[in-house]
Protein chains: 2
Amino acid sequence: MQLNNEPRLAVVLLSGGLDSATTLAWAIAQGYECHTISFNYGQRHAAELLAAERLSRRLGALTHRVVTIDLAQMGGSALTDASIPVPETESSGIPLTYVPARNTVFLSYSLALAEVLTARHIFIGVNAVDYSGYPDCRPEFIEAFEKMANLATKAGVEGQSVKIHAPLQFLSKAEIIQTGMRLGVDFSQTVSCYQADDEGKACGVCDACRLRHEGFVQAGVADPTHYTAAKNVTK
Amino acid sequence: MQLNNEPRLAVVLLSGGLDSATTLAWAIAQGYECHTISFNYGQRHAAELLAAERLSRRLGALTHRVVTIDLAQMGGSALTDASIPVPETESSGIPLTYVPARNTVFLSYSLALAEVLTARHIFIGVNAVDYSGYPDCRPEFIEAFEKMANLATKAGVEGQSVKIHAPLQFLSKAEIIQTGMRLGVDFSQTVSCYQADDEGKACGVCDACRLRHEGFVQAGVADPTHYTAAKNVTK
């Protein structure tokens, strides 16, 4: 039960991309007091972490943390393993850029942080429509994580539930963009590209760039993404 | 379905303590080819990590990994936060030494490793009898994690299940000790103490030391633990 005067503390996973920025703006608009958490997991570029820090501050989160995690040493993904090239063509099934158990690891840390902060709300920007074949973006995964979380923690033992919110779950990329714009998100400050350069400029050819650009086209909004000169998805 | 000639690859969580050493010996005795994983999460002592490495090699695991995780910066536990003293008296309810969402984070990494290794078995030495009030040692937590894991991963999507094994779940500490001895575990090489010294010598007064010593007494086995001279639980 939510008491009227009780602050609604939340932990928000913030990657620096379009979806998580919209999720943070959504949570703040709903009255949640938000602590953001980003993960440094051996991405090839740090631009999205810088974007996350900037977005967290501008959108009004209370605190921002970067947690360094050791996923890279396990290999198995083009995003963290330099021996696997990032694919430039559309893939079918589960993409090569899948990081093993990524959202499970990210949500587990968020759960730990929520427990320390006595926050009972966790927001994650996963999306089932444009989910690109990642199993840990599916609604049934989020539901199962929430059930597990309520058995894992003191809050669960004490009868207080932990809620995992995925407000973008059933929105298309275009609808996410429209929602974010209504909430005042400056998408030029977000980085979605799998291989952005040091300044956060996007390649324009990877899966993430293509999905993102198609979203802007479908939303009828000019794409504000900063692309590298050489490769521009809008050309 | 298990094919006869298929190696049964497993990831085994190994803390360096009595329970996880017995779990590893158990898994190997059952014919699993084991990869061990330990976590450096800002414990006050590194002795248990050294013990884990030694036990992994002696018991016959294929590989051993130490994953450094950033749980300490979140605070909230006497095990990782130097500002909270380790309690020396018996506590009721959830102990101060509880690390937020620890087993959730540990199992999440183990799941990531299992996915990379294409292992479908994860072993964890949690125990519901002597579980000391940790919510994430309960059988219902393990079951919920397994369900979530099967929705989180490629294996789950491809219809291959991930199994979380907790073979010690319903054993008393005395029964665990008897099992380990039958399987050839040298318990003098294990470290359970919350505040072991650099050589792995145990304090003899913390909850973990008391539970462990009572286990040896109840099992009718001489306690092989190396205690510091000053504090000896057996005195």
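In what order do the five strands of the open sheet in chain B stand? I looked this up at the start, and the order is β3-β2-β1-β4-β5, with parallel pairing.

**Entry 1: the model.** I note that this is a predicted model, in which local features need pLDDT of at least 70, side-chain atom pairs count only at pLDDT 80 or more, and totals for chains, interfaces and linings use all residues. Residues are numbered from 1 along each chain as its sequence is written, and chains are lettered from A and ligands numbered from 1 in the order in which they are written.

**Entry 2: the sheet.** I took helices (H or I, at least four residues) and strands (E, at least two) as DSSP runs, numbered from the N terminus. Two strands pair if DSSP finds at least two bridges between them. In chain B, β3 (63-68) and β5 (163-165) are the edge strands; each has a single partner strand, so one side of each lacks a neighbour in the sheet. From one strand to the next, the twist averages 25°. Angles run from 0 to 180 degrees between N-to-C directions, and axes are lines fitted to C-alpha atoms, for helices over the stretch in contact.

I then examined β1 (residues 9-13) and β4 (residues 121-123) of chain B, which pair in the parallel sense over three bridges. Val12(B) stands opposite Phe123(B) in β4(B).

**Entry 3: helix α3.** Helix α3 (residues 102-117) of chain B packs on the sheet and touches β1, β2, β3 and β4 of chain B. Its direction makes about 160° with that of β1(B).

I chose Ser110(B), which lies in this helix. Is Ser110(B) buried or exposed? Ser110(B) is buried, because 29 other C-beta atoms lie within 10 Å; the cut-offs are 20 or more for buried, 12 or fewer for exposed, and partly exposed in between, with C-beta atoms placed from the backbone. Leaving aside neighbours within four places in sequence, Ser110(B) is in contact (C-beta atoms within 7 Å) with Val11(B), Leu13(B), Ile37(B) and Ile122(B).

**Entry 4: helix α2.** I checked the length of α2(B): at 1.5 Å a residue, its 13 residues should span 18 Å (1.5 Å times one less than the number of residues), and the end C-alpha atoms are 18 Å apart, which agrees. The buried residues of α2(B) include Ala51(B), Leu55(B) and Leu59(B). The buried residues cover an arc (of the directions from the helix axis to the C-beta atoms) of only 165°, which puts them on the same side of α2(B). They pack against α1 (18-29), β2 and β3 of chain B. Gly60(B), with a positive phi near 100°, follows α2(B).

How values were computed. Two residues are in contact if their C-beta atoms, placed from the backbone, lie within 7 Å.
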